[in-house]
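Here are some short exercises to work through with the model open beside you. Try each task on your own, then follow the solution step by step.

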Amino acid sequence: MRRRTPPPPSPLPQRDGIDPVRLRLPAEGSWATVRDHLVERLSGAAPGLVAEMFDAGLVVGADGRPVTADAPYRPGMYVWFHRRLSPEVPVPFPLLVHYRDEHIVVADKPHFLATTPRGSHVAETALARLRRELDVPTLTAAHRLDRLTAGLVLFTVRPEERGAYQTLFRDRRVRKTYEAVAPYAPALALPRTVRSRIVKERGVLTARETEGEPNAVSHIELIARHPETGTETGTETETGTGTGTAAATALARYRLTPTTGQTHQLRVHMTALGVPILGDPLYPEVTAPVPADDFRRPLQLLARELAFTDPLTGREHHFRSSRALTAWTSYQDWAAGQ
C-alpha cells in the first residue's frame, strides 16, 4: 500500500488564531485557470469575491507567492488563502484553562462555544480563542464536544504529538463522564447500560437509532432527584419512569458514561429512555432556530470528568469540570433564560 504524500506546509501564517484555507486542485477537471476553478468551487461566496482575492494577491501557492488570475490549472496543485469571515456574535462566557503543560491543554468549555472552526462558527471557537489567548498557534483539538455541550476538552500543543492523544480516544482509553439534567422518571430502573445502533446522515440535523449491531453504548445512572422534589438519594436506592415534565419539581441529575462516541449518542439514548435532556433543540423534536445572540436555556449536558494515562509522560490525569448545570442549581433562572 503506497503511503500518501503529506501536503506541503502552509506558506501563510494564522490570522487571529485561524488557519488559512488549503485547497488541492482536483486530478480531473476542464478548468483553464486556477481562478476558473475557484469561481466554481466557491460559488456560494459573495459575487466578485474570487476576483478581488486574485487582484489583491491573496491566493498563494506553496512557495508563498501570489497565484495570478491567469495561472493555468494544474491538477494536484495546492493553493492557500484566508477566508473572509462574516461577523460572529461573541459567546459571552469564559473559556477556562483547567490544565496546561508542554504537551497538552485541558479547557473547560462553556455552552454555545464550538470546539473547532466549522460552518458559521470560526473565530468564536474554543480552538481559535485558546490560540489567541495562550499564544500557541500550533494548538490542535484531540477530540470535540458539540457546540451546545459544556465541559472538558483536550488540546495538544505540538502537531507531531496529536496522533498519540487521538489514539487514546480511538482505542477507548479515555474515561469520559458526563452529567445531565432531565425529567425525573420514577418507573425507569437505573442504573442501566443502553446499547443501540445510531446512524447520522449527512445533511440531517438529528441522529437516529436503527436495527443492527450496536455501535453506541452508554451507562446511565441517577445521581439525585432535584432537592425541591424531596430528599436526595443516591443511585443505589433510586429508580426512575419514562416521561416527565421539565419542571423544578420533577427533575433529576444523571451521570452518563459513554464507552463509544457516536454523534449525539447521549442525547439520543436519554431521549429513547423517555428523559430527554433539558434545553435540547433537536431531541425529542427539532425546534425552530433561535437568533445567534440567544444564549438562554443552554443544553443541560456537561462533560464533567476526563481521565487518562498520558501516552508521552505516563502521568495519570483526572480532570473535573468546575461548571454547574443551571437548571439544577437554579431551575427558575434557567427557565426564565437568565
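Helices (H or I, at least four residues) and strands (E, at least two) are DSSP runs, numbered from the N terminus. The model is predicted, so local features need pLDDT of at least 70 and side-chain atom pairs count only at pLDDT 80 or more, while totals for chains, interfaces and linings use all residues. Residues are numbered from 1 along each chain as its sequence is written, and side-chain values use heavy atoms, with hydrogens and water left out.

**Exercise 1. Confidence**

Task: Find the chain's average pLDDT and the share of residues that score at least 70, then find where pLDDT stays under 50.

Solution:
- Step 1. pLDDT is the predictor's confidence in each residue, from 0 to 100.
- Step 2. The chain averages 90, and 92% of the residues score at least 70.
- Step 3. Over residues 229–248 pLDDT stays under 50. The model has 61 contacts (heavy atoms within 4.5 Å) beyond four places in sequence for residues 229–248.
- Step 4. Where pLDDT is low, the predicted coordinates should not be read in detail.

**Exercise 2. Unusual backbone**

Task: Locate the cis peptide bonds before P191 and P284, then look at the phi angles of D135 and H264.

Solution:
- Step 1. Most residues other than glycine have a negative phi, and most peptide bonds are trans.
- Step 2. The bond from L190 to P191 is cis, with omega near 5°; P191 sits in the loop between strand 7 and strand 8.
- Step 3. From Y283 to P284 the bond is also cis, with omega near 0°. P284 belongs to the loop between helix 5 and strand 12.
- Step 4. D135 is not a glycine, yet its phi is positive, about 55°. Its loop runs between helix 3 (126–134) and strand 5 (140–141). With a relative accessibility of 63%, D135 counts as exposed (buried is under 20% relative accessible area, exposed over 50%, partly exposed in between; 1.4 Å probe, protein chains only).
- Step 5. H264, again not a glycine, has a positive phi of about 60° and lies in the loop between strand 11 and helix 5. H264 is buried, at 12% relative accessible area.

**Exercise 3. Helix 5**

Task: Work out why helix 5 counts as largely enclosed by the rest of the structure, and what covers its buried residues.

Solution:
- Step 1. Pick out the buried residues: Q265, L266, R267, V268, H269 and M270.
- Step 2. Six of the eight residues of helix 5 (265–272) are buried, so the helix is largely enclosed by the rest of the structure.
- Step 3. The cover includes strand 7 (175–183), strand 8 (192–199), strand 9 (208–210), strand 10 (216–225), strand 11 (251–258) and strand 12 (301–309).
- Step 4. Zoom in on Q265, which has a relative accessible area of 3%. Leaving aside residues up to four places away in sequence, Q265 touches I198, A216, V217, S218, P258, T259 and T260. The side chains of Q265 and T260 are joined by a polar contact of 2.7 Å (a pair of N or O atoms within 3.5 Å; within protein, one must be able to donate a hydrogen and the other to accept it, and residues adjacent in sequence count only if both atoms are side-chain atoms).
- Step 5. Just after helix 5, G274 has a positive phi of about 85°.

**Exercise 4. The buried face of helix 1**

Task: Which residues of helix 1 are buried, and what covers them?

Solution:
- Step 1. The buried residues are V34, H37 and L38.
- Step 2. Viewed down the axis of helix 1, they fall within an arc of 95°, so they line one face of the helix (the arc is that of the directions from the helix axis to the C-beta atoms).
- Step 3. An α-helix has 3.6 residues a turn, so residues three or four places apart point the same way.
- Step 4. Strand 1, helix 2 and strand 2 are among the elements that cover these buried residues.

**Exercise 5. Aromatic pairs**

Task: How many aromatic pairs are there?

Solution:
- Step 1. Rings of Phe, Tyr and Trp (its six-membered ring) pair if their centres lie within 6.5 Å; planes under 30 degrees apart count as stacked, over 60 as edge-to-face and the rest as tilted.
- Step 2. By this rule there are eight aromatic pairs.
- Step 3. One of them is W31 with Y73, a tilted pair at 5.2 Å centre to centre and 45° between the planes. W31 lies in the loop between strand 1 (21–24) and helix 1 (34–41), and Y73, 42 residues apart from W31, in the loop between helix 2 (49–55) and strand 2 (78–81). Both W31 and Y73 are buried.
- Step 4. Y99 and F319 have ring centres 5.2 Å apart and planes at 40°, so this pair is tilted. Y99 and F319 are both buried.
- Step 5. F93, F112 and F295 form one aromatic cluster.
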